[in-house]
Amino acid sequence: MAGLLEIHDKDGHPEHKLQLERSEVPFICGGCKELGFGLGYQCPNKNCNYILHDECGFGLQYRRPPTQKFFKKCDFQFHQQNPLLGTRICNICALDIQGFLYQCSHGDIDLHPHCANLSLTITLPNSNELIELRENTKSRCLKCQRKERAGKVQGLSYVSSDGKLCYHVACLKEACLDNWKRGYFQLDVLANEENKILALQNLAPNQVVRPSEGQSSNAMKGIKLLITFLKLVVSAILGEPFTLVSTLFQISQN
């Protein structure tokens, strides 16, 4: 997507061309209607809050998604709204599609533009271990505690190579949206250590996320690994890591 610094959404925002910039606050994408962070195509008019995910802008411009490992036989086409009747569900995150989408020409597979760009693998820092985007897993999700999401479309999951840490893409998107609605994605809010713990606990409600004195070295190591895992999958799903995401995961060891 190098060089694509400006686009024109003639239908959604005909007044001005949109410029690629980094948003310092979370936003709702005007194209797919999903929560967004970081890079996006923004209206240069400071009184206008119209903004698109960079992936939605890319789809609008080029009409094709990147190569899809999980849907190799599909011929995807970009649409600004669902061309078919009824509700469409994203086959990656298993959530409703409200706006921009990629749809297989056969009409049986649909993807959010942002979901279509998710990293297939993430490398854990100082390790050869990977976090992989998988179709099927025997691991339980850190949020819902189930191996599979209920519903016709199961969606994909990010899973650590040892299978001990797992998160449904859908569950993580829902948890992050919930944290945003609760006001946890604000730097002044995250300046309070207790708010960080509450935000992390909402991401992994059945896990210990607070380091404390007297914990064994193995317990501390487990908490650090969990927090690193959460940081990486949140960054992968919501966008490039930036100050807000990094601040959330800077937990005091005292």
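**Reading a predicted model: cysteines, helices and buried side chains**

Guide: The structure holds zero disulfides. Keep in mind as we go that this is a predicted model.

Visitor: How far is the sulfur of C104 from the closest cysteine sulfur, and why is there no bond?

Guide: The general idea is a distance test: a disulfide needs two cysteine sulfur atoms within 2.5 Å. For C104, the closest cysteine sulfur belongs to C74 and lies 3.2 Å away, which is too far for a bond. C104 is also buried, because its relative accessibility is 1%.

Visitor: And what about C171?

Guide: The sulfur of C171 has its closest cysteine partner in C144, at 3.8 Å, so that pair is too far apart for a bond as well. With 2% relative accessibility, C171 counts as buried.

Visitor: Let's turn to helices. How do the axes of α2 and α5 cross?

Guide: First the general idea: an α-helix has 3.6 residues a turn, so residues three or four places apart point the same way. Now the case here. The axes of α2 (residues 169-181) and α5 (residues 217-238) come within 10 Å, crossing at roughly 85°. That makes α2 roughly perpendicular to α5. On the α2 side the contact is made by V169, L172, K173 and C176, and on the α5 side by V233, V234, I237 and L238.

Visitor: Is helix α1 mostly covered or mostly open?

Guide: Burial is judged by relative accessible area, with under 20% counting as buried. Helix α1 (residues 54-62) is mostly covered, with seven of its nine residues buried. Those buried residues are D54, E55, C56, G57, F58, G59 and L60. Their cover includes the strands β1 (6-7), β2 (18-28), β3 (35-42), β4 (51-53), β5 (76-79) and β6 (101-104). Just after α1, R63 takes a positive phi of about 70°.

Visitor: Which annotated feature does UniProt place at residues 13-56?

Guide: An unreviewed UniProt entry puts "domain: DC1" there. In the model, residues 13-56 are 7% helix and 50% strand, and their end C-alpha atoms are 13 Å apart.

Visitor: Now a charged residue. Where is R88, and what does its side chain contact?

Guide: For a side chain like this, look at the burial and then at the polar partners. R88 sits in the loop between β5 and β6. At 14% relative accessibility, R88 is counted as buried. Its side chain makes a polar contact with the side chain of D110, at 2.8 Å. Leaving out residues up to four places away in sequence, R88 touches N82, L95, D96, I97, Q103, G107, D108 and D110.

Visitor: What does the side chain of T137 reach?

Guide: The T137 side chain reaches the backbone nitrogen of S139 at 3.0 Å. T137 is found in the loop between β9 (130-134) and β10 (157-160), and its 16% relative accessibility makes T137 buried. Beyond four places in sequence, T137 touches K147, S157, V159 and C166.

Visitor: One last residue: is Y167 buried or exposed?

Guide: Y167 is buried, with a relative accessible area of 0%. This residue lies in strand β11 (residues 166-168). Among the residues Y167 touches, not counting those up to four places away in sequence, are C141, L142, Y158, A175, L203 and F229. L172, listed above in the α2 contact with α5, is also touched by Y167. As for F76, 91 residues from Y167 along the chain, the two C-alpha atoms are separated by 26 Å.

Notes. Residues numbered from 1 in each chain as written. Predicted model: local features only at pLDDT ≥ 70, side-chain atom pairs only at ≥ 80, totals over all residues. Heavy atoms only, no water. UniProt positions renumbered as here; feature names shortened; annotations may be inferred. Helix = DSSP H or I, 4+ residues; strand = E, 2+ residues; numbered from the N terminus. Buried < 20%, exposed > 50% of the residue type's maximum accessible area, 1.4 Å probe, protein only. Polar contact = N/O pair within 3.5 Å; in protein donor to acceptor, adjacent residues only side chain to side chain. Contact = heavy atoms within 4.5 Å. Axes fitted to C-alpha atoms, helices over the stretch in contact; angles between N-to-C directions. Parallel < 35°, antiparallel > 145°, perpendicular 65-115°, else oblique.
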